[in-house]
Amino acid sequence: MQVETRIDYDKYIFTIKDWVEFVVRFSIKAVIICYLFYDSGKGILLLLPFAWFDYQRQNEEKKEKRKQELTKQFKEMMESLLTSLNAGYSLEHSFTDAKRDLSLLFEPKAVIFEELNGIIEGLRVNIPLEKLLKDFGHRSGVEDINNFANVVMAAKKSGGNLIRIIEKTVHSISDKMAVEEEIKTMIAAKRLEERVMMVMPYGIIFYLRVTNGEFLEVLYHNVLGVLLMTFFLAVIYVADLWARKIMEICV
């Protein structure tokens, strides 16, 4: 019997709320850019390619946030499984207890509940737990979940100590999350500096427009000026993407 297809965590589909957020954010940015860089509402036509980049970036942010939430929820699930195993329950039965325990910690729409429902339903129709976990790990794209699925599969085949395996996995995930939080704290100041640096070009142009508008007139309402402004805007976008990539590598 095939495992029911569920969430693919490497893909994110915008909800209505996400689209509203994206449109509002891009509209505000478009108004600012049209005023500062083009002095014309027609500049929105030149910003359409940038809208695609903004969409991709917001999509990646949403996808990464969902994976981070899933990892935290998975850690809590592992701790619940460990408690049930120590109480003498089988690993298969422990997932039902984990769902009950996690309902006290997370809201009903938390992604972990869809996974738990899928696992419990799969066990009910006699799909092997190893197959269900392997599917979960593959779809999640989270290394810890995939590793857990692999060790459970190996333990089931070799008769290993599941309690010890899950205990070590919980400790490993906890230590890894602690290190990641320390790194994020260390580079928080750098993230703030990056945000300030990305805002600076807009601030400089705004200052020039307010204090000495004639200085920028040569860049507006002519082909050369539009090309130059578009080039400057593209440089800002590339610098922003580059800075974000550096931050991601650091994390």
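Helices here are DSSP runs of H or I with at least four residues, numbered from the N terminus. The model is a predicted one.

**Exercise 1. Place E115 and R139, and state which residues they touch.**

Step 1. By that definition, E115 belongs to helix α4, which covers residues 111-124. R139 belongs to helix α5, residues 129-140.

Step 2. Buried means under 20% relative accessible area. E115 has 0% relative accessibility, so E115 is buried. R139 has 7%, so R139 is buried.

Step 3. Set aside neighbours up to four places away in sequence. E115 is then in contact with R6, I7, Y9, F136 and R139. R139 touches R6, I7, D8, Y9, D10 and E115.

Step 4. Add a distance for E115. K99 is 16 residues from E115 in sequence, and their C-alpha atoms are 9.8 Å apart.

**Exercise 2. Describe the span of helix α1, its buried residues and what follows the helix.**

Step 1. Helix α1 runs over residues 16-38, which makes 23 residues. The expected span is 1.5 Å times one less than the number of residues. For α1 the expected value is 33 Å, and the span from first to last C-alpha is 31 Å, close to it.

Step 2. The buried residues of α1 are D18, F22, F26, A30, I33, C34, L36, F37 and Y38. In reading such a list, recall that an α-helix has 3.6 residues a turn, so residues three or four places apart point the same way.

Step 3. D39 comes after α1 and lies in the loop between α1 and α2. The phi of D39 is near 55°, which is positive although the residue is not glycine. With a relative accessible area of 26%, D39 is partly exposed.

**Exercise 3. Give the phi of H221, its place and whether it is buried or exposed.**

Step 1. H221, a residue other than glycine, has a positive phi near 60°.

Step 2. H221 is in the loop between α8 and α9 (223-250).

Step 3. Exposed means over 50% relative accessible area. H221 has 56%, so H221 is exposed.

**Exercise 4. Describe how helices α2 and α6 meet.**

Step 1. Two packed helices are described by the angle between their axes and the distance between the axes.

Step 2. The axes of α2 (residues 44-86) and α6 (residues 143-158) come within 10 Å and cross at roughly 35°.

Step 3. On the α2 side the contact is made by L70, T71, F74, M78 and L81, and on the α6 side by D144, I145 and F148.

Step 4. Sorted by kind, the residues of this contact are six nonpolar, one polar and one charged.

**Exercise 5. Find what the pair of F37 and Y202 joins, and name further interactions of rings.**

Step 1. The whole structure holds 14 aromatic pairs. F37 and Y202 form one that is edge-to-face, with 5.7 Å between centres and 70° between planes.

Step 2. F37 is in helix α1 and Y202 is in helix α8 (residues 188-211), so the pair ties together parts 165 residues apart in sequence.

Step 3. F37 is buried at a relative accessible area of 1%, and Y202 also counts as buried, at 17%.

Step 4. Elsewhere, ring pairs link Y12, F14, W19, F22, F26, W52 and Y55 into a cluster.

Step 5. A charge is found over a ring as well: the charged end of R209 sits over the ring of Y35, 4.3 Å from its centre.

Key:
Residues numbered from 1 in each chain as written. Predicted model: local features only at pLDDT ≥ 70, side-chain atom pairs only at ≥ 80, totals over all residues. Heavy atoms only, no water. Helix = DSSP H or I, 4+ residues; strand = E, 2+ residues; numbered from the N terminus. Buried < 20%, exposed > 50% of the residue type's maximum accessible area, 1.4 Å probe, protein only. Axes fitted to C-alpha atoms, helices over the stretch in contact; angles between N-to-C directions. Contact = heavy atoms within 4.5 Å. Nonpolar A, V, L, I, M, F, W, Y, C, P; charged D, E, K, R; others polar. Phe/Tyr/Trp six-rings, centres within 6.5 Å; stacked < 30°, edge-to-face > 60°. Lys NZ or Arg CZ within 6 Å of the ring centre and 35° of its normal.
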